[in-house]
Amino acid sequence: MKVDVLLGLQWGDEGKGKIVDVLTPKYDIIARFQGGPNAGHTLEFEGIKHVLHTIPSGIFHSNVMNLVGNGVVIDPIIFKGELDQLKPFNIDHEKRLLISKKAHLILPTHKLLDAASEMSKGKNKIGSTLKGIGPTYMDKTGRNGLRVGDILSPNFEKKYKTLVAKHINILKHYEDFKYELKELEANWFEGIETMKKLQFVDSENYINKALNEGKKILAEGAQGTMLDIDFGTYPFVTSSNTITAGTCTGLGVPPNKIGNIIGIFKAYCTRVGSGPFPTELHDNDGELMRKEGHEFGATTGRPRRCGWIDLVQLKYAIMINGVTELSMMKGDVLSIFDEIKACTHYMINGEKVTDFPYDINDHDITPIYESIPGWKEDLTKLEKLEDSPDTFVSYVNYLEKQLNVPIRVVSVGPDRKQTLSNA
Ligand code: GDP
Ligand code: IMO
Ligand code: MG
């Protein structure tokens with residue numbers, strides 16, 4: 001058995017939560033491998049919308065195990081909040097939700113450090129979600145971090161205090177930064193008590209044993225490839241490896257045990273936070289996309305920046321992830337346009353560029369587009385792709401040809417049911 005991977009190919013919010021939920025019946029285990037509560041994964045079914053931040057998107061299906069891997073960073077306050085929101089749905093999370101002992105904890109002071117760092121950057125801020133992600137991963141790689149397994153240690157409080165003291169020292173350097181820690185700390189320890197009720201595991205042993213037993217596993221990515229710490233639009237990225245390789249380090253899956261790699265992309269493109277976005281639209285079309293696509297962050301509520309699909313960027317993401325199949329999301333949003341555009345290459349300093357360039361922060365990039373006729377028909381009630389307008393099928397075929405990977409799933413609305421297969 002191998003682990004399938006599902007991940008975002010753009011700057012996040014591609015619709016990963018929805019497709020993981022749709023695919024879950026085919027799997028025994030859904031496992032998050034990186035990121036933390038900076039993620040907001042939306043699932044919609046039976047008229048209810050759910051947003052998950054840390055908990056894997058398989059949680060609404062009974063008989064499926066959900067694993068939070070060692071590569072994830074967990075904020076006990078947000079985690080408790082997520083569990084509280086699940087209460088009305090009678091999910092036996094004590095049985096079906098496992099957490100790696102090696103996952104790192106986000107402390108209240110990590111959030112303060114995130115806010116202080118962003119404040120000090122002024123105009124150059126990353127546009128972080130302010131969930132403490134960067135500082136927590138810094139402590140992980142700096143070998144100062146606190147892990148879930150430490151919760152069970154008799155020295156947990158001492159370890160916590162030692163790390164907080166370090167953080168308070170650092171915070172002193174941000175002279176204008178004011179903060180109040182007490183209340184945050186009380187909520188944090190309440191969250192820790194909630195976490196104690198769950199099963200802590202060694203995710204690497206759990207996953208490998210499950211593979212040997214023939215269990216089917218889907219790894220759920222957070223963020224997107226262009227936010228990857230190594231291959232994204234650095235420094236405007238998150239602090240983890242969001243790509244397929246992150247599955248190996250974030251769960252303990254050997255590289256030769258990776259199976260299908262499902263890459264998800266929007267039929268257009270969005271980004272939330274700062275950083276370069278070559279095809280961003282600053283005009284009325286961008287405004288229309290945001291409105292029609294309800295492009296507001298699931299975690300922060302911030303308006304998402306919108307633009308046309310960028311094939312240079314997508315080809316790069318497909319390459320780095322080894323994508324074997326694609327899911328195209330939100331095609332229905334483009335029904336408002338007479339004409340759809342796809343960026344095939346960039347012009348930089350008068351030169352044609354087809355490979356995603358190193359430095360897109362300091363250069364003027366002109367995206368060059370190909371126009372594709374729009375379909376101007378509602379797609380949201382479609383039950384089969386064959387019933388959709390020819391022009392829509394042409395767009396799907398055009399992208400498949402350009403990207404050279406089959407588009408197996410076409411999503412035409414936020415609901416579970418609004419999902420068409422392209423066998
Ligand atoms: P994720 O972070 O990748 O899980 O994506 P988000 O949940 O942050 O953002 C995707 C948004 O698009 C959510 O509000 C989804 O409900 C919605 N969505 C997903 N697929 C579709 C689709 O095909 N059409 C439309 N109109 N909305 C969709
Ligand atoms: P999902 O899983 C979209 C962005 C932030 C910011 C940058 C760094 O829902 O697709 P961080 O808080 O990680 O330090 O922020 O990354 N970002 C996301 N954008 N979707 C996400 O997750 C994101 N997680 C982080 O907006 O630009
Ligand atoms: Mg999201």
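How far is an oxygen atom of ligand 1 from a polar backbone atom of Gly40? That one opens a short set of exercises on this predicted model.

**Exercise 1. Work out how ligand 1 is held by backbone atoms, and how much of its surface is covered.**

Solution.
- Start with Gly40: a polar atom of its backbone is 2.8 Å from an oxygen atom of ligand 1.
- Go on to Lys16, where the distance from a polar backbone atom to an oxygen atom of the ligand is 2.7 Å.
- Then try Gly413; here a polar backbone atom and an oxygen atom of ligand 1 are 3.1 Å apart.
- Now for the cover: ligand 1 taken alone exposes 580 Å², and the protein buries 93% of that.

**Exercise 2. Describe the shell around ligand 1: which residues come nearest, which elements contribute, and what classes turn up?**

Solution.
- There are 20 residues around ligand 1, and those that come nearest are Gly15, Lys16, Thr42, Asp332 and Ser411.
- Next, map the shell onto secondary structure: α1 (16-23) and β3 (41-45) each supply at least two of its residues.
- Finally, sort by class, which gives eight charged, seven polar and five nonpolar residues.

**Exercise 3. Find the pocket that ligand 1 sits in, then characterise its lining.**

Solution.
- Ligand 1 turns out to sit in the second largest pocket.
- That pocket has a volume of about 670 Å³.
- Its lining is made of 33 residues; Thr42, Glu44, Gly293, Lys330 and Pro414 lie nearest the centre.
- The elements giving two or more residues to this lining are α1, β3 and β4 (48-52).
- Of the elements, β3 gives the most, with four residues.
- Split the lining by class and you get 13 charged, 12 polar and eight nonpolar residues.

**Exercise 4. Do the surroundings of ligand 2: how many residues surround it, and which are the closest?**

Solution.
- Count first: 21 residues surround ligand 2, and Asp13, Lys16, His41, Thr129 and Thr238 are the closest.
- By class, this shell divides into 10 polar, eight nonpolar and three charged residues.
- Check Gln223: a backbone N or O atom lies 2.8 Å from an oxygen atom of the ligand.
- For Val272, a backbone N or O atom lies 3.0 Å from an oxygen atom of ligand 2.
- Arg302 uses its side chain, with an N or O atom 2.9 Å from an oxygen atom of ligand 2.
- As for cover, ligand 2 taken alone exposes 550 Å², of which the protein buries 97%.
- One more thing to pick up: Lys16 is among the closest residues to ligand 2, and Lys16 is also one of those that come nearest to ligand 1.

**Exercise 5. Take a look at the backbone around Pro235 and His294: what stands out there, and where do these residues sit?**

Solution.
- Begin with the background: most peptide bonds are trans, and most residues other than glycine have a negative phi.
- Against that, the bond joining Tyr234 and Pro235 is cis, with omega about 5°.
- Pro235 has its place in the loop between β10 (217-220) and α9 (244-251).
- His294 is not a glycine, yet its phi is positive, at about 50°.
- Look for His294 in the loop between α10 (284-292) and β13 (305-307).

Note on methods. Residues are numbered from 1 along each chain as its sequence is written. Chains are lettered from A and ligands numbered from 1 in the order in which they are written. This is a predicted model: local features need pLDDT of at least 70, side-chain atom pairs count only at pLDDT 80 or more; totals for chains, interfaces and linings use all residues. Side-chain values use heavy atoms; hydrogens and water are left out. A residue is near a molecule or strand if one of its heavy atoms lies within 4 Å of it. A polar contact is a pair of N or O atoms within 3.5 Å; within protein, one must be able to donate a hydrogen and the other to accept it, and residues adjacent in sequence count only if both atoms are side-chain atoms. Accessible areas come from the Shrake-Rupley method with a 1.4 Å probe; for residues, only the protein chains shown count as cover. On a 1 Å grid over the protein atoms alone, a cavity is a set of points where a 1.4 Å probe fits but cannot get out, and a pocket is an open set with protein on both sides within 12 Å along at least five of seven lines; lining residues have an atom within 4 Å of a point. A molecule sits in a cavity or pocket if more than half of its atoms lie within 2 Å of its grid points. Ala, Val, Leu, Ile, Met, Phe, Trp, Tyr, Cys and Pro count as nonpolar, Asp, Glu, Lys and Arg as charged, and the others, Gly among them, as polar. Grid points are joined across faces, edges and corners, and a volume is the space filled by probe spheres set on the points.
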